[in-house]
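Visitor: Got a minute to walk me through this one? I'd like to start with a helix and work outwards.

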Amino acid sequence: MNGRQTNPQNNRVPAQRPQSGGTPAKRPQGTPPRRRRRFRFKPNKEGMQALLILVLLAALIITVLVLTIKGIINAVTSDPESTTTAATTTGETSTEPPVVAAWRDGYVNEIRPNTDVAVGDLILVNFEHSYPLTDAIKSKLTSLSADKAYGEYFVLREFEMKIRGEIITELRQMITDLVTAQSTLGTSKDGDRVIIVSGHRTTDYQQNLYDNQVTENYVAIPGHSEHHTGLAVDLKVYTSKQKTVEFREDEQAWMEANCANYGFVVRYDGAKFELTGILDETWHFRYVGKPHAQYMTDNNLCLEEYLTMLRTHHNVDSEAPLTYTTADATYEIYYVPASVSETTDIPVPKADSVTAIDISGDNMGGFIVTVTK
Ligand SMILES: [Zn+2]
């Protein structure tokens with residue numbers, strides 16, 4: 001190659017390289033000796049061009065190779081770098097005292113066992129979350145046939161029907177007010193009355209219902225029914241002709257407008273089937289507690305949506321709890337995730353600074369604190 005400039009006299013050698021570009025006259029292929037000579041001499045213009053292009057191409061290929069290798073090396077080394085940076089940052093943050101949101105300045109910790117995540121008015125029970133205490137809560141149930149409004153304001157599909165003791169007062173009041181407000185409903189057997197079609201259900205009972213359901217997506221899988229909690233009731237009308245029918249328009253409208261005032265929500269809106277897994281059930285009422293029922297109703301949120309909102313936007317580390325004012329009081333509501341140990345420290349205001357503090361599990365790994373101001 002060094003000889004290429006020292007033999008200018010030979011200009012007959014064809015530039016055979018395809019890279020030579022240009023439009024040289026066609027030259028016949030040389031004989032073997034010619035080819036050897038061609039190798040030694042490239043002084044003419046075309047040859048020089050070809051060489052230059054060759055050199056440039058080689059340089060280009062080398063550059064590309066170098067850059068590629070550099071890129072690979074950078075990619076390999078930059079990951080650990082960024083990880084290290086992040087880890088360092090995290091490390092620095094964690095060595096400092098945890099940042100406490102200003103709104104819970106002065107709060108104290110209340111310790112709860114993590115098993116309490118399944119306890120409370122706000123527990124979520126659906127196709128994704130089963131209820132672990134179905135048969136364990138029997139002692140907390142109360143017989144509906146023993147209630148003072150039984151017979152006069154409501155009847156029962158089954159005499160043995162039970163419900164959570166702590167919601168009987170609200171349920172009775174709601175039914176009594178419904179009957180009082182609706183001229184279509186009477187209080188004697190000569191008139192139509194409310195019938196409680198379903199209250200608490202055992203797992204076996206739900207299994208039987210599930211196995212015998214006529215239409216899919218109305219009966220929850222055993223273990224996944226809200227009726228296991230004793231916090232849900234199915235309400236319909238028992239006519240003077242002893243037939244069970246759904247609420248008529250006025251009765252349904254009254255229930256939808258007022259049930260939240262007693263802490264209940266119309267739990268299954270067909271439009272939210274994707275979230276609840278249950279089709280429209282106008283008769284199924286679920287107790288969640290007053291401020292929650294009112295907020296959910298006012299904002300058209302099903303329980304799944306409401307709990308997600310609290311967990312996402314109103315948790316202990318959020319800028320603020322959910323503040324909600326009803327006719328009765330102002331409430332602060334926030335979410336606390338259960339810890340990985342056996343108990344969870346739940347920050348709450350000092351008891352003497354507020355009217356009431358209620359803690360409910362969400363049956364999904366966290367607690368909801370409701371502070372009545
Ligand atoms: Zn139901």
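Guide: Sure. This is a predicted model. Let's start with helix α7, residues 290-298: seven of its nine residues are buried, so the rest of the structure largely encloses it.

Visitor: Which residues of α7 are the buried ones?
Guide: They are Lys290, Pro291, His292, Ala293, Gln294, Tyr295 and Met296.

Visitor: And what do those buried residues pack against?
Guide: Strand β8 (264-268), helix α8, and strands β10, β11 and β14. Ala293 also turns up in the contacts of Phe264.

Visitor: What else does Phe264 touch?
Guide: Leaving out neighbours within four places in sequence, its contacts are Met174, Cys259, Phe285, Arg286, Tyr287 and that Ala293. Phe264 also belongs to the largest nonpolar core, which has 62 residues. Along with Val194 and Cys259, Phe264 touches the most other members of that core.

Visitor: Which domains feed that core?
Guide: At least three residues come from each of domain 2 (103-122 + 299-373) and domain 3 (130-287).

Visitor: OK, back to the helix. What happens to the backbone just after α7?
Guide: Asn300 takes a positive phi of about 50° there, although Asn300 is not a glycine. Asn300 sits in the loop between α7 and α8.

Visitor: Is Asn300 buried or exposed?
Guide: Exposed, because it has 10 other C-beta atoms within 10 Å, and the cut-off for exposed is 12 or fewer.

Visitor: So where does α8 go from there?
Guide: Helix α8, residues 303-313, lies across β10, β11 and β14 (366-372). Its angle to β11 is about 75°.

Visitor: Those strands keep coming up. In what order do they sit in the sheet?
Guide: The order is β10-β11-β14-β13, in an open sheet of four strands with antiparallel pairing. At the edges are β10 (322-325) and β13 (356-361), each of which pairs on one side only. On average, neighbouring strands are turned by 20° against each other, direction ignored.

Visitor: How many bridges hold each pair together?
Guide: Going across the sheet, β10 and β11 (residues 330-337) are joined by four bridges, β11 and β14 by seven, and β13 and β14 by six.

Visitor: Can you give me a residue pair for each, so I can find the register?
Guide: Leu322 is opposite Ile333 in β11. Val336 has Phe367 in β14 as its bridge partner. Ser360 stands opposite Ile368, also in β14.

Visitor: Is β14 enclosed or in the open?
Guide: It's largely enclosed by the rest of the structure, since six of its seven residues are buried.

Visitor: How do β13 and β14 connect?
Guide: As a hairpin, with four residues between them. Asn363 is in that turn, with a positive phi of about 60°.

Visitor: Another Asn with positive phi! Is this one buried or exposed?
Guide: Asn363 is buried, because it has 22 other C-beta atoms within 10 Å and 20 or more counts as buried. Asn300, by contrast, is exposed.

Visitor: What about the stretch leading into β10? I was looking at Ala320.
Guide: Ala320 lies in the loop between α8 and β10. It's partly exposed, with 13 other C-beta atoms within 10 Å. Its C-alpha atom is 9.3 Å from that of Ile333, and the two residues are 13 apart along the chain.

Visitor: Changing topic: where's a strand that lies largely in the open?
Guide: Try β1, residues 108-113. It has six residues and the number buried is zero, so it lies largely in the open. Six bridges join it to β12 (residues 343-348), and the two run antiparallel. Asn109, for example, has Pro347 as its bridge partner in β12.

Visitor: And the chain overall?
Guide: It has eight helices and 14 strands. Of its 373 residues, 30% are buried. Among contacts between residues at least 6 apart in sequence, 68% join residues at least 24 apart.

Visitor: Last thing: what's the confidence like, and where does it fall below 50?
Guide: The average pLDDT is 84, and 80% of the residues score at least 70. Residues 1-28 are below 50, though beyond near neighbours in sequence that stretch has 40 contacts in the model. Residues 76-93 are below 50 too, and that stretch has zero such contacts.

Definitions and conventions
Residues numbered from 1 in each chain as written. Predicted model: local features only at pLDDT ≥ 70, side-chain atom pairs only at ≥ 80, totals over all residues. Core = buried A, V, L, I, M, F, W, Y, C linked by C-beta atoms within 7 Å. Domains from an automatic or database assignment. Contact = placed C-beta atoms within 7 Å. Pairing = 2+ DSSP bridges. Axes fitted to C-alpha atoms, helices over the stretch in contact; angles between N-to-C directions. pLDDT = per-residue confidence, 0-100.
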